[in-house]
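Good morning, and thank you for coming. Today I should like to discuss how two protein chains meet. Please look at the structure as I bring it up.

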There are 2 protein chains.
Amino acid sequence: MNVWRINTRTQKLNIEPVPTSWERLGGRGLLARILVDEVEATCEPLGPKNKLVFAPGLLVGHMLSSCDRISVGGKSPLTGGVKESNAGGSTGLQLTHLGIKALILEDKPEKSGLWLVHLSKDAARFEPADDLLGKGVYDTAETLLEKYGKDVAIALIGPGGEMQLASAGIQNIDKDRVPSRINARGGLGAVMGSKGLKAIVIDSSEGEKPPIRDLPAFRTAQKEFNQALMDHPQTHAYHDYGTAAMTHMCNNFGALPTRNFSSGEFKQAEKISGEYMRELILSRGGESNPSHACMRGCMIQCSNVFGDAQGKSIVSPLEYETIGLMGSNLGIDDLDTVARLNYEANDLGLDSIEVGAALGVAADAGLLEFGDGARALALVQEIRDGSPLGRVLGNGATTTGKVLGIERVPAVKGQAMSAYDPRAIKGTGVTYATTPQGADHTAGLTIRAKINHTDPKGQAEVSRKAQVSMAGYDTLGACIFAGFGFAAAPETIRDLLNARYGLEVGADILQVLGEETIQLEREFNRRAGFTSAQDRLPEWMTREALAPTNAVFDVPEEELDHLFDK
Amino acid sequence: MNVWRINTRTQKLNIEPVPTSWERLGGRGLLARILVDEVEATCEPLGPKNKLVFAPGLLVGHMLSSCDRISVGGKSPLTGGVKESNAGGSTGLQLTHLGIKALILEDKPEKSGLWLVHLSKDAARFEPADDLLGKGVYDTAETLLEKYGKDVAIALIGPGGEMQLASAGIQNIDKDRVPSRINARGGLGAVMGSKGLKAIVIDSSEGEKPPIRDLPAFRTAQKEFNQALMDHPQTHAYHDYGTAAMTHMCNNFGALPTRNFSSGEFKQAEKISGEYMRELILSRGGESNPSHACMRGCMIQCSNVFGDAQGKSIVSPLEYETIGLMGSNLGIDDLDTVARLNYEANDLGLDSIEVGAALGVAADAGLLEFGDGARALALVQEIRDGSPLGRVLGNGATTTGKVLGIERVPAVKGQAMSAYDPRAIKGTGVTYATTPQGADHTAGLTIRAKINHTDPKGQAEVSRKAQVSMAGYDTLGACIFAGFGFAAAPETIRDLLNARYGLEVGADILQVLGEETIQLEREFNRRAGFTSAQDRLPEWMTREALAPTNAVFDVPEEELDHLFDK
């Protein structure tokens, strides 16, 4: 495996050996290492000093179930801090097949203009992409697949990334060539846009699978992992209902974001639940599919294809975070509308969490009646049009709140919260507050912990453990749901890594990698000017009680400040 | 003297003795002390935990020339850090005549609604002010003067403060009852708006002048100070040309902000110069007046009344910072247009520096052609209308740049630079970078220092000295131009303070007060989450050379980081 370093100004590729200190890392951990080693933390995120890095996780390349995720990172234009965002699809797999441990995109072009970079065995070729200017990701992917063949992987941005909006992500095509696997969070699509790149096309046809030092041992561990995963009840729940299984659970905890986080309970929750959605999808037939895999080899298949009344796909997948932020958070109880909002956000290449949160804030400012789906769609159209209001919304919830004069913004470090109100799930509140990434459930969701979620006691420790594990999984390239299997058979992580790389890591490797990753990320943020003052939920959440639990966020600041003390 | 503490939720006044540690401070120094002592530095600036504090400087109350300034402070919604902004007019004088050393406005109303608070001897009375909703400061002041008598002082906000825009300031009426003496910087008008206050009316008719311990000594020192001030050549230059004397000087240094800080030289500088303006004002007659005092007793009279062709006042005063930011910075060479822009910003109660800088950024984004005054006026009208674009602009240059995707934003800590490009006047660049206040020339202008302004060497020390002196003057309540007198006769500061308060301070008291003030401000910012990472000019200014000097900002970061080491 090598490091591929591409200068987007000179359009030159350098293939370099992997520095020793990077070897044992991958995915999120490697991104943090690279950012600390190479990126001036105070740099302008959309300027030439920032870098955009693609790093497949340590286990990527073998079609292990749910373990082929691609981590993308850089300094975030949304938070001003460290950023890693991972996604499924085929980008990770194909990068490893080209022998790429990390793809580092540097500098930025002197002139405006749009490019794509085509990666193939030992080569990177820039091609003008001005014809794709302003095109949505669905159109763009179709054009590129036609031109470069249906077997390439593609990572690309939509108009949102071109406009360098801070809610813009990077889309990746899934195994069915649908470009909706998004490195969503933190504005990495804007970083890609700032470097003049519309798309990265990855042709690994002349590549090869990454080597495995001890194939029999690898296969044994894989089998064990698969078994543990299949034995886990959640695997089946996610297979049937997808992430939307969470709607009822969250609503029952009083933590379902409703009307801009002004309530934790949505009266019409049933109509946006996973159970309801499954029945709807099954009844509609056609392209609709309640159980769909985003990556080859995935046994969970938590994804879906949400079709319209005629069975024609509206969007794939329709996930819980989008349902929470663009459904109940906007007072919208109609899945078709949520699916259409999701499609538009996808096509623009935007994070549906951030856009949903921004729309919720806009509703509080009177720009939208809660429940008015048509108006919500019209506001997303403003983003596509690049109007001043559209640019406000496209820059996320914090900017929207600042501009419109709304204090009730659900965000930390400038990044919007996911669909778990942290007053009712306080461990996740600790995660939102303290993760170096800005508010994000994927940094350490605690909703399944056996704890009274509204009691402030013990939440810090629950969050810390979850954060460390997740940083570990993100370093492996493992989906959060692969964790069901790994948690049941933790030794398989050790065995897979040792077999794959000829290492001799111990059974605590997940925690070792997770701890190291978080410390590196904190170091980057420290250099960028972050202190414990930014490890806080918004003040209004400590003051404004959440119906129906009447909870405020009251985990002691002292506990937040010492969470990651060594 | 007492501390008046008013709760804006309960509408109750408490008159309290001055804590010992506050006694020897006033103005900016006292604000810093109060903020450190009483305001949680991480609080939401527009929430109930922030306080808005009015503190006259130590020498206020005696009509000493240019020494009756009122400092207003709180946590800034623009920078997120400590904020002090001072202004002339009659507010400071009348507060001291009521025996108020500090007026502390706390909490915020639970319901929306607009109020005014009327201060008189030992009393504060709230009155509904909903009839003033949306009214500009000129109308509002007229209404209030009619109602409360022509001898009151008034501090008030315009629609900008009501909208809680981060560029909103607090206007004070001058000796001619014109409400254009603005505590402009950092969004303190938004803080006042967040507390539901349209105006503070101060009736000191039953008050009395603050006591002087040793009147003969005070008069002797005053006479000496007056003489030193009158002997200084700059006093006469400012009397004749006002602050606009700076246009030519700055242009000659290649530091005149031109077309959003893309050049330091404005071809048409002559047409916006002090010399040209004086001739124009003299030729127009009527209400026009080139030499006007903002406070009673001022011998400099740097202010002016800028009249139209018929001699009718357009705005008073028209100052250099506005000319720089709304003139050359927008490519506008017509003083009538600049005066009209200034009037609109004033009437909205907005900082003309911040709005001018925001318009410059908007021009870079293509929303305005440089030089198009009509369009600039239309954009200011958008602010009045409260449109999304208007709210973007009204929230200042940094928000405007973020929303519109423009990197070339001339700001530090979220606050726009004044009309001195820091690449060509590097000492002022050091000030912009390191003052706890965010970019601001009044924190330590170095343009008169005997130094090569484009050489990075020695600038840190020049800035440090200027910053300490200015923090000292701001603690005294002395105008920057009073400094001409004090610098020539520094012992008069000692003598005035000792005579006024019965103290025994030494001749270095200006520096002692200045150092202490800056250290307190840094402590507040540290608690608010600031580190040396925020003590930086924007990255593009280290990269983009400024015509005609071709300078970039290159004072070593090491020097910025240790400027205020004790």
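Let us begin with polar contacts: between chain A and chain B there are 14 residue pairs in polar contact, with both residues at pLDDT 80 or more. I should say at once that this is a predicted model. Salt bridges, by contrast, number zero between chain A and chain B.

Which helices of chain A each supply at least two residues of the side that touches chain B? They are helix H15, residues 388-394, helix H16, residues 397-404, and helix H21, residues 509-528. As for the character of that side of chain A, its residues divide into 10 nonpolar, eight polar and eight charged.

Next, the extent of the interface. In terms of contacts, 26 residues of chain A are in contact with 27 residues of chain B. In terms of area, the two chains bury about 2,200 Å² between them, and 56% of this lies on carbon and sulfur atoms. Within chain A, the residues that lose the most area to chain B are A:Lys402, A:Val403 and A:Glu539, which together account for 24% of what that side buries.

Finally, how are the two copies arranged? A turn of 180°, with a shift of 0.0 Å along the axis, lays chain A on chain B with an RMSD of 0.0 Å. The two copies are therefore related as by a two-fold rotation axis. Moreover, 100% of the interface residues of chain A are also interface residues in chain B, so the copies meet through the same surface.

Thank you for your attention.

Terms used
Residues numbered from 1 in each chain as written. Chains lettered and ligands numbered in written order. Predicted model: local features only at pLDDT ≥ 70, side-chain atom pairs only at ≥ 80, totals over all residues. Heavy atoms only, no water. Least-squares fit on C-alpha atoms with pLDDT ≥ 70 in both. Contact = heavy atoms within 4.5 Å. Buried area = accessible area lost by both parts, 1.4 Å probe. Salt bridge = Lys/Arg side-chain N within 4 Å of Asp/Glu carboxyl O. Polar contact = N/O pair within 3.5 Å; in protein donor to acceptor, adjacent residues only side chain to side chain. Helix = DSSP H or I, 4+ residues; strand = E, 2+ residues; numbered from the N terminus. Nonpolar A, V, L, I, M, F, W, Y, C, P; charged D, E, K, R; others polar.
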